[in-house]
Structure formats: C-alpha cells, structure tokens
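Open the model in your viewer and set it to cartoon. This tour goes from a pair of helices to a sheet and what packs on it.

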Amino acid sequence: MTSILKPKAGTSRRDFLRTIGAATLAGCAPAGKPPLPPGELLGMNLALGHRLRDGGFPAPGETRRTGVVIIGGGVSGLSAAWKLSQGGIDDFLVLDMESAVGGNSRAGQSPLVAYPWGAHYLPLPTQEATQVRELLAELGVLHGDPTAVKPTYEERYLCATPQERVFRNGLWEEGLLPQRGIDGAEREQQRRFHERMDELKQARGRDGRRLFAIPMEFSSRDPEWLALDRIPFARWLNENGFTAPSLHWLANYATRDDYGTAHDQTSAWAGLHYFASRNGEAANAAADTVLTAPDGNAWLARGLARKAAGRIATDALVWRIEEGKTNVAVDVLLGANTVRIEARQLIWAAPAFVLPRVWPAMPGELKAAALAGDYAPWLTANLHLADFPEERHGAPPAWDNVLYDSPGLGYVTATHQLIRRHLPGTVFTWYRALHDVAPAEGRRLLLETPREAWAEGILAELERVHPDIRRLTTRLEIFRNGHAMRRPVPGSLWSDHRSNGWPQGQRQKLADFRSPRITLAHADLSGFSLFEEAQYRGVVAAERVLARQSRAASAPA
C-alpha cells in the first residue's frame, strides 16, 4: 500500500502547495476574507549554514584553550555538558551555530504563554531510559526513586485531559484511532493490532533483550527482528493482516510525526519501535500519558543547560577541525572574526552530515557513514489567537488535535496545561513534515516559498475545522527546519545489505567510532530523532571523555 497522503511522482511546486491549501502563491488572502495576519518567517540560521558551504573564512586572530569543546547545543550537546558536570568537569565549552541552544526543543514566548517550535512531549520514560529519569528527578518532575517501576510524576507536567482527538468526516473523535463508521471487521483488526503491539512491548529476542527499547541501543540484536529494517512499515502491516484503512492512517500519522517519513518510506523496525518501545508507567497516571509543558520540550533543554551556564557560545560557526597528538584545534567564526580553540577532547554533537565539511582529515569510512543518510524537512507554525476558535461537533478541545484527511499533522494547544486559568486567547502550534517530496526538494521549497503562501495554506487547512480561525489569528509565525531529523528509511538502522541505495551498516559505524580525541554524540547515531536518543548519545560521549581523562590522570608520570 502506498502512503495515503503521498502525491503522485512528479509533483510540481504549485501542486505541492495545494496539498496544504496554499493555492494563492501571490500571498494575498482570497476575496472576501480578512487579510493575512502579520508574522515572521523564521528558521535555523541559514546565513551561517550557507557561509559554511561557501567558505572564505578569515584566519584565526586569537587562540583560547579549554578541556573539552562540545560542538552542537541541541539535546545531545547539552546532555554531554550535563554529564561532564556531574563527573566533576567544568572545563568545557559548548558552541552552537544558532542564537539559542536547544536544537529541536527550542521554544518561543508571547505575552500570554510560551510555545514550542519543535518537540513538544516526552512519553513516560521506560526503565531503560535511566538518564531521562535521573534528569526528571533532578528537575523535581519525578518524585521518589527514579528506578521504580511506576514512579510518581509532578501533576503539572502530566498532560491534562483530554489528551488527543482526531477530526474525521466533519466530527472530532476522542483518541487517535477513528471509531465512527468503522465496521466490525475493521474494529477486529484494530483490536488485533493493539493486542499485537502489547505483546511486542513485552517480547524479548533470543539474546534476552526487549525487542524494541528506548534508547534503541538496548534493543534485541536477534537477527530475525533486525531483518525488519529491510522492509517498509506499510509492507509489514499488510503482510501481517493489518490492511484496514484506519490502521494504515494511524501508522502513517505516527511515522510522519516522529520520523518525518510516511509509513511506506519508513523502516518496519522503526515503525514497530514507535508502537512497541514505549512501556513506561506511572503511579499517578495512565501508561499512555505524556509529559509536556506549554513550551513543549524546551523545559527539558533548559534543565540540561543549567549545568553549562556561562560556558555556552551561540552564533558560533565551527568551520575547521584538526586532530593533533595532544589536542584538537577548532576554528570558529564568532561575529566577523575566527577564534581558534584548543581542547584536549572534542565532542561532536551536531548533525553528522556537517562533520565532513569541517574535518578535512575525517576517515573515509566515517565520512561515508556521515553522508549516507538524509534528513526530513519540517515546517512549524505558531498561530496566536485572540480567543479559542469555533468548534465543530464531537469531542471537546484537546492538547493534541489531529486532522485525518490532511498532509499536516494538526496542532497542539500551548495553553492546555493552563486550562484552569481564564486566559484572553491561546497559541496553536501547527506541524507539517514535508514527507511527500524528496528531501532536497523540500528544502528548496522551504527556502524559496514566501511566508504568505505558507500562511494562506495553513489557515485554509485549519478553516475546515475552525471556520473563524483567520479572523481570530492576530499573529502567524512560521519556522523552517530543512534538516530536522535523520530519516529511518528501510535499511538504514540494522541491515547488512543494500536497499534503496543505502550503504548498509553506516549508522552503526557512526555509533561505534572511536578516536583518541574526537567523540561523536547526536541522535543521528540512533538513526532517528527522539529526546531519549539524543540524551543517551550525549551522555555516552561524555562518559567516554570522562573515562579517558580518568585513565590519563592515573597514568604514571
């Protein structure tokens, strides 16, 4: 089965924009409708990123020294700093190209409420996710023993009810899996699917490990199950008798939401990991509850960043790395000048594809691994509303509001966690993975499409469920992320053969790389972008640096 929402091959720019309703490319509102609300077209720092591509940097005019330099201030880099600080090392520096750290967990702030620009929730952490639990305990969100099977969580961070709903056939339905108008045979498939996912949550491979764990590195290496990486998730569903349209819609929504890929573009192993790895529980909440806040996951990034206070440099473009016998030299553009930073150790916590551009002596196999994957382009918008919009019939407003017949992923409500307060408005955060065009074309669209075209398309899509949303939107800001996350396409995670042009085993080469002075840390080493994966890779990198420093300190003079 092909992706339910995937346009035909050869989709033109105009046809693509029509998939979100952006038929008015000139940017003016249709006749008889209010003008578009004001706002900005935001995104990752394109100017600095393209400067890296174009080259022509000034020679270093100054040299600074530090013990450890961490390149990348997303969750991985901040987690590495957090772990180094725990290990008693404060002689480090975090460099990030953006104006603020946080990566995909960044947020914005209005006079009314904070709101996310990216990741917006954390599932209840599993028992394998020990570092996530430790962080939550440190932040006062997990109470009691972090290793407990069912910890107690701070109520303010448990998603308020109702948690989610889906708009289908003119009505809102509670939950994500549609039930209205579903016949008995399809309901039976839904029941079997849930039953099978519950079985897989408990199942273990022949090596005794859980089949699907978070972090993914703790998953079973049983070849029978790793072989699922070779086929698309849509094919696995069909081959296992899960052919119902509602189940394929749910799978397609899930993979677009977490991976930026349609379910026929996604490794079956990754698709099953989404449904079968999340078995965290709480003493005071249902197992499917998530942890969230008005600003999405930004509170987690801020919690990690506290341990790096005073040791973070933003708007910093690293353009050259040279590994020596006793140190690593890093040339970084700060403003108009290049500063050379000499460090004993380097942790690379930025996306893998950038590393070959800045490390000329990068080993050939590692370079191939870094360049093997591609990245999902994303679009996010925040709609600032003067009041809650008119509701269609059905389930009441929820935190996560999903549109069934739409290539967009719907929206989350920033004020949902503040539902007991009487607020003069709200903010809706709308998400769209550009899964239905090739990644390079998606990035071109993000770069060339005017804000007005995106804004018109977003409002047209949401008007189907909220007829007055255009009138109530006082500001509409759009955020572009051309390389939001590495795409877990078939063959990219565990396979040992060629599929879809992927050289196999490359993700594992990144994860297994060892160097005396350079350590890799990023969710790219997992092959997909989740908070738990990014944090784990940062912590592991820091632990390797700590171990090296410990050995160096204990070595005879």
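An axis here is a line fitted to C-alpha atoms, for helices over the stretch in contact, and angles run from 0 to 180 degrees between N-to-C directions. Keep in mind that this is a predicted model.

**Stop one: two crossing helices.** Select residues 130-138, helix 4, and residues 531-554, helix 17. Their axes come within 9 Å and cross at roughly 95°. Angles of 65 to 115 degrees count as roughly perpendicular, so helix 4 is roughly perpendicular to helix 17. Now show side chains. Helix 4 brings Gln131, Val132 and Leu135 to the contact. Helix 17 brings Phe531, Glu532, Gln535, Val539 and Glu543. By class, that contact has four nonpolar, two polar and two charged residues.

**Stop two: the sheet.** Next, find the open sheet of eight strands. Follow the order 1-20-16-19-18-17-9-10; the pairing is mixed. Which strands stand at the edges? Select 41-43, strand 1, and 171-174, strand 10. Each has a single partner strand, so one side of each is left without a neighbour in the sheet. On average, neighbouring strands are turned by 25° against each other, direction ignored.

Zoom in on strand 17 (400-403) and strand 18 (411-413). They run antiparallel, joined by two bridges. Pick asparagine 401: its bridge partner in strand 18 is tyrosine 411.

**Stop three: helices on the sheet.** Select 439-448, helix 13. Helix 13 touches strand 16 (375-385) and strand 20 (473-486), and its direction makes about 35° with that of strand 16. Then select 451-463, helix 14. Helix 14 also packs on the sheet, touching strands including 1, 17 and 19. Its direction makes about 105° with that of strand 20.

Methods: Residues are numbered from 1 along each chain as its sequence is written. This is a predicted model: local features need pLDDT of at least 70, side-chain atom pairs count only at pLDDT 80 or more; totals for chains, interfaces and linings use all residues. Side-chain values use heavy atoms; hydrogens and water are left out. Two strands pair if DSSP finds at least two bridges between them. Helices (H or I, at least four residues) and strands (E, at least two) are DSSP runs, numbered from the N terminus. Contact means heavy atoms within 4.5 Å. Angles under 35 degrees count as roughly parallel, over 145 as roughly antiparallel, 65 to 115 as roughly perpendicular and the rest as oblique. Ala, Val, Leu, Ile, Met, Phe, Trp, Tyr, Cys and Pro count as nonpolar, Asp, Glu, Lys and Arg as charged, and the others, Gly among them, as polar.
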